[in-house]
Amino acid sequence: MADPEIKSYEPHHESQSAAVTESRPVKAVLMAFAFAFLAVFLLLPLIVVFHEALAKGAGAYTEALSSPDTRSAIRLTLLVAAISVPLNVVFGISAAWAIAKFEFKGKAFLTTLIDLPFSVSPVISGLVYVLLFGAQGLLGAWLKAHGIVILFAVPGIVLATIFVTFPFVARELIPLMQEQGNGDEEAALSLGASGWQAFWYVTLPNVKWGLLYGVLLCNARAMGEFGAVSVVSGHIRGLTNTMPLHVEILYNEYNAVGAFAVASLLAGLALVTLVLKTLLEMRYGAELAAARGH
Amino acid sequence: MEVRVVNVRKEFERFPALHDVSLDIRSGELIALLGPSGSGKTTLLRLIAGLERPTKGAIFFGDEDASQKSIQERNVGFVFQHYALFRHMTVADNIGFGLKVRHGAARPSGQEIRRRALELLDLVQLSGLEKRYPAQLSGGQRQRVALARAMAIEPKVLLLDEPFGALDAQVRRELRRWLREIHDRTGHTTVFVTHDQEEALELADRVVVMSQGRIEQVGTADDIYDTPNSPFVYSFIGESSSLPVKVENGEVWIADRPIGLSAPHAPSGEAVLHFRPHDVDLVDGCSGCIAGTVAASRRVAGTRRVELEIGGERQRVEIELPVDHPAAQKSRVAFRPRRWKLFPAT
């Protein structure tokens, strides 16, 4: 049997028609403007961060990074990310699964709720936790009676971070799963797979790049979050200071090298995230296209 | 495996998709569910598979009530309309999936799974493509991988949802013949859904014609084509012409003339006469026939179709004439249907 030619799913770029192509000078001006804008507002600050961090030489830089308080801030940030990112992965997958694969009342409401952290100022998110868990707060007395410390301690920081980062994974997965529908899962079940096997062998591999993308963004935000964490942290050196908070403290103490050294780590994280994100987009652009709702 | 559908009703959020449907599928049979979209044919297929649960009624596999069994327990091979191949797995892994997810002793070794996958790949004539991914296959090849994957679990029943719906005409015809061959070789009880009457009549041992959630008729291609039992089947399968008539004393009348057809068992009153445009005898003169004026004529393949205006009310019917028939515009043609059926006027 003769088969027709093999079809591939390479995205092909249509060449633009002459009618909608601007003249050369206009193109040049537009591009120059875009590049200049980015250079001033993004590239320059980035260079300044590294320049200031290394202003007194590499020795001062490593020394700044090895101070106990800085180390503790780095450890705390890593800990917070290590707790909140996996939790948000679980939450994101469950929420996306529920929204994409089932029909139920309140679905639109749930979708809106997931977007809430994007629309609420992080400071407000932090304040809500103060009102909830603080000494004068709703649950404050009960928590105190049971000896549970949340506010101005690590649990509060983790909670605030989870709150501000929970849309990232879910938002990446929902459109992707909606687009893919139930067909593959039904096929897996009809072949005898259990629900868990269908999820593990079929659903997860189908969304893995979208998931990874969501995890990257979630992680970057979890490590970089300032506002919400600042409200609930209490700024106790060596105990409840995350990296962004530590940068502020060092800067306020006129310790420019220290502040920018820590900042350079955060900037480095941002750069790594950006590179990975770009690589993912290049490699799996078609799969992620569905998820680019925002 | 024999499959019996007994008085099944299915509602989706109060909207009935199937009304009280019963169907016996014989073991080893290749049967087609044929109907327009919204007729409930895919719902019936999904109910047999266990992808949906009936609102009422039961489905038996052999003597066993399968209605309450999950899809995993039913052991059916389901081929989805868009194949639903696992895109991140190679062709061989796709085919072996149903064996890989088995537990304990029922699960063959990795080597055995691979051997079986290659064997099935050979059966569907795709040897050598085991390392390809679904995206690297043509539509027809994907269809065949999907079938091989469904057959890998040695299903009791093979269920195919619009198996050729997404393919172009040439590939469809080839795959149709090929599916018939595979069926004859493996002997699986096979049910497939289609909206293409040609596909159903050509491929299936028996055809189930469905409309609006009900089964209209079940029978062989000959039964369905030659003796349709409802106006729907008449108009849905093949070409048909219809005329409003009157029955009086067992004779069929158009306006004030008997047309030479006797219907001794039909009740007197208004009725609709159905017949196939090609199933007519041309007659000379007209005592006891249908006569009309040629209103339009067109060439269809090896024959000529003419539209006749009948009687004072200018009802139009189509009949088929030999190409060399001299009927021109405005000439009169008289005929009598060879095979026909009366249905009550609606």
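This is a short tour of a predicted model with chains A and B, one selection at a time.

**Stop 1: confidence in chain A**

Start by colouring chain A by pLDDT. Its average is 86, and 90% of the residues score at least 70. Now select residues 1–12 of chain A, where the pLDDT is below 50; this stretch still has 16 contacts in the model beyond near neighbours in sequence. Then move to residues 290–294 of chain A: here too the pLDDT is below 50, and the stretch has nine contacts beyond near neighbours in sequence. Keep both stretches in a muted colour as you go on.

**Stop 2: where the chains touch**

Next, show both chains together. The contact draws on 21 residues from chain A and 25 residues from chain B. On the chain A side, select helix 9 (183–190) and helix 10 (195–224), the elements that give two or more residues to the side touching chain B. Which helix of chain A gives the most to that side? Helix 9 of chain A does, with six residues. Colour the chain A side by residue class and you should find 10 nonpolar, seven polar and four charged residues.

**Stop 3: the cores**

Now for the interior. Select B:Ala32, B:Ile48, B:Leu159 and B:Val208, the residues with the most contacts inside the largest nonpolar core, which has 85 residues. Add helix 5 (residues 139–151) of chain B, which gives the most to this core, with six residues.

Centre the view on B:Val208. Leaving aside residues up to four places away in sequence, B:Val208 touches B:Leu23, B:Ile31, B:Ala32, B:Leu33, B:Leu34, B:Ile215 and B:Val218. One of these partners, B:Ala32, is also among the residues with the most contacts inside the core.

Another core, of 57 residues, lies apart from the largest one; to find it, select A:Met177, A:Leu216, A:Val262 and A:Leu265, which are among its members.

**Stop 4: strand 19 of chain B**

Finish at strand 19 (residues 332–337) of chain B, and show its side chains. Which residues are on its covered face? They are B:Val333, B:Phe335 and B:Pro337, while B:Arg332, B:Ala334 and B:Arg336 make up the uncovered face.

Then bring in the partner strands. Strand 15 (residues 280–282) of chain B pairs antiparallel with strand 19 over three bridges; look for B:Leu282, whose bridge partner in strand 19 is B:Phe335, from the covered face. Strand 16 (residues 290–300) of chain B also runs antiparallel to strand 19, joined by four bridges. Here, B:Ala291 has B:Ala334 as its bridge partner, a residue of the uncovered face.

Technical notes
Residues numbered from 1 in each chain as written. Chains lettered and ligands numbered in written order. Predicted model: local features only at pLDDT ≥ 70, side-chain atom pairs only at ≥ 80, totals over all residues. Contact = placed C-beta atoms within 7 Å. Nonpolar A, V, L, I, M, F, W, Y, C, P; charged D, E, K, R; others polar. Core = buried A, V, L, I, M, F, W, Y, C linked by C-beta atoms within 7 Å. Buried ≥ 20, exposed ≤ 12 C-beta atoms within 10 Å, placed from the backbone. pLDDT = per-residue confidence, 0-100. Pairing = 2+ DSSP bridges.
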